[in-house]
Amino acid sequence: MQSDDFSLHGERVMAVVSGGGYAEYAVVPKAMAIPIPDTLSFVEAAAIPEAFLTAHLNLFTLGKLRSGESVLIHAGGSGVGTAAIQLAKAVGARVLTTAGSADKLARCLALGADVAINYRTESFRERVLAETDGAGVNLVLDFIGAPYWNDNLGCLGMDGRLQLIGFMGGAAGELNLSAIMGKRLTVTGTTLRRTPLAEKVALTRDFSAFALLMLAAGTLRPVIDRVYELHEATLAHHHMESNANFGKIILEIGQP
């Protein structure tokens with residue numbers, strides 16, 4: 001179903017907002033509104049747009065991931081990570097992911113990841129090369145930035161693609177041009193917030209066509225860690241900053 005195929009009068013919809021999402025009311029262009037499948041609650045729907053559209057943008061629109069390819073998804077327990085694991089498997093890719101605890105690794109595998117790597121206890125670069133017989137992966141989705149730069153390049157095979165989604169570990173580092181040139185690598189940085197509206201509309205339509213039926217059937221599902229009331233936003237941020245969450249943290253507006 002496309003965004004223009006339904007009336008917005010009284011319909012349940014979800015969408016990525018440009019900013020100011022901590023509010024009782026939000027305004028979005030009609031073409032950005034995605035119908036919420038009847039099988040999903042508002043809380044579940046709230047966990048979808050930001051995470052799944054970011055993952056779709058970086059896996060498919062920019063990352064060009066195809067069936068039969070392999071992808072390394074960092075921060076597999078994050079909201080975007082849990083969405084990316086599911087989307088990559090849905091398209092027929094082999095998924096390798098990183099996380100920082102045995103529990104998160106097990107849950108990533110349960111979501112469909114083929115290989116889960118504890119970045120705290122082993123070198124993800126060495127493990128990726130071992131798991132791919134030295135060939136490397138086709139695509140890397142990275143949220144960490146500078147500290148992972150060289151190892152990310154080392155994980156990629158010939159004509160590999162690196163998608164930079166964030167720089168939680170820092171933005172400044174040494175640039176290894178020889179690795180990029182030697183393997184004909186492509187490095188792309190993006191943020192969903194700064195994506196032009198026309199491109200976000202196209203992304204919304206592509207995602208809806210690809211994923212809505214699977215979300216309705218439960219083949220794809222939003223992963224929710226905790227739900228807080230809006231007035232508990234500070235507690236929600238503290239929980240997120242502790243890196244203890246697996247999946248999305250939701251703020252819910254209570255009933256009057």
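This section describes the overall architecture of a predicted model and the surroundings of selected residues.

The chain is built from nine helices and 10 strands. Its radius of gyration is 18 Å, close to the 18 Å that the globule rule gives for 256 residues, so the chain is as compact as a globular protein of that length. The C-alpha trace extends over about 55 × 35 × 35 Å along the principal axes. Of the 256 residues, 45% are buried. Contacts between residues 24 or more positions apart make up 64% of those with a separation of 6 or more. The exposed area of the chain amounts to about 12700 Å², of which carbon and sulfur atoms contribute 54%.

Aromatic side chains were examined next. A pair of aromatic rings is described by the distance of the centres and the angle of the planes. With a limit of 6.5 Å between ring centres, three aromatic pairs are counted. In the pair formed by Phe124 and Tyr148, the ring centres are 4.8 Å apart and the planes meet at 55°, so the arrangement is classed as tilted; this angle falls between the bounds of 30 and 60 degrees that delimit the stacked and edge-to-face classes. Phe124 belongs to helix α5 (residues 124–131), whereas Tyr148 is found in the loop between β6 (137–142) and α6 (149–155), so the pair ties together parts that are 24 residues apart in sequence. Both partners are buried: the relative accessible area is 5% for Phe124 and 13% for Tyr148. An aromatic ring also takes part in an arrangement with a charged group, in that the charged end of Arg12 sits over the ring of Phe42, at 5.1 Å from the ring centre.

A buried polar residue is provided by Asn58, which is part of helix α2 (residues 49–61). The relative accessible area of Asn58 is 0%, so this residue counts as buried under the 20% limit. The side chain of Asn58 is joined to that of Gln163 by a polar contact of 2.9 Å. When neighbours within four places in sequence are set aside, the residues in contact with Asn58 are Gly63, Leu139, Leu141, Gln163, Ile165 and Thr190.

Asp114 is located in the loop between α4 (102–111) and β5 (115–118). With a relative accessibility of 36%, Asp114 is classed as partly exposed, because the value lies between the limits of 20% and 50%. A polar contact of 3.0 Å links the side chains of Asp114 and Lys89. Lys89 is also among the contacts of Asp114 that remain once neighbours within four places in sequence are left aside, together with Ala93, Arg94, Val95 and Leu109. Between the C-alpha atoms of Asp114 and Gly92, which are 22 residues apart along the chain, the separation is 12 Å.

Glu199 is situated in helix α8 (residues 197–217). The relative accessible area of Glu199 is 49%, and the residue is partly exposed, since the exposed class requires a value over 50%. The C-alpha atoms of Glu199 and Leu185 are separated by 24 Å, the two residues being 14 positions apart along the chain.

Key:
Residues are numbered from 1 along each chain as its sequence is written. This is a predicted model: local features need pLDDT of at least 70, side-chain atom pairs count only at pLDDT 80 or more; totals for chains, interfaces and linings use all residues. Side-chain values use heavy atoms; hydrogens and water are left out. Rings of Phe, Tyr and Trp (its six-membered ring) pair if their centres lie within 6.5 Å; planes under 30 degrees apart count as stacked, over 60 as edge-to-face and the rest as tilted. Helices (H or I, at least four residues) and strands (E, at least two) are DSSP runs, numbered from the N terminus. Buried means under 20% relative accessible area, exposed over 50%, partly exposed in between (1.4 Å probe, protein chains only). A charge sits over a ring if NZ of Lys or CZ of Arg is within 6 Å of the ring centre and within 35 degrees of the ring normal. A polar contact is a pair of N or O atoms within 3.5 Å; within protein, one must be able to donate a hydrogen and the other to accept it, and residues adjacent in sequence count only if both atoms are side-chain atoms. Contact means heavy atoms within 4.5 Å. The radius of gyration is taken over C-alpha atoms; the globule rule is 2.2 Å times the number of residues to the power 0.38. Accessible areas come from the Shrake-Rupley method with a 1.4 Å probe; for residues, only the protein chains shown count as cover.
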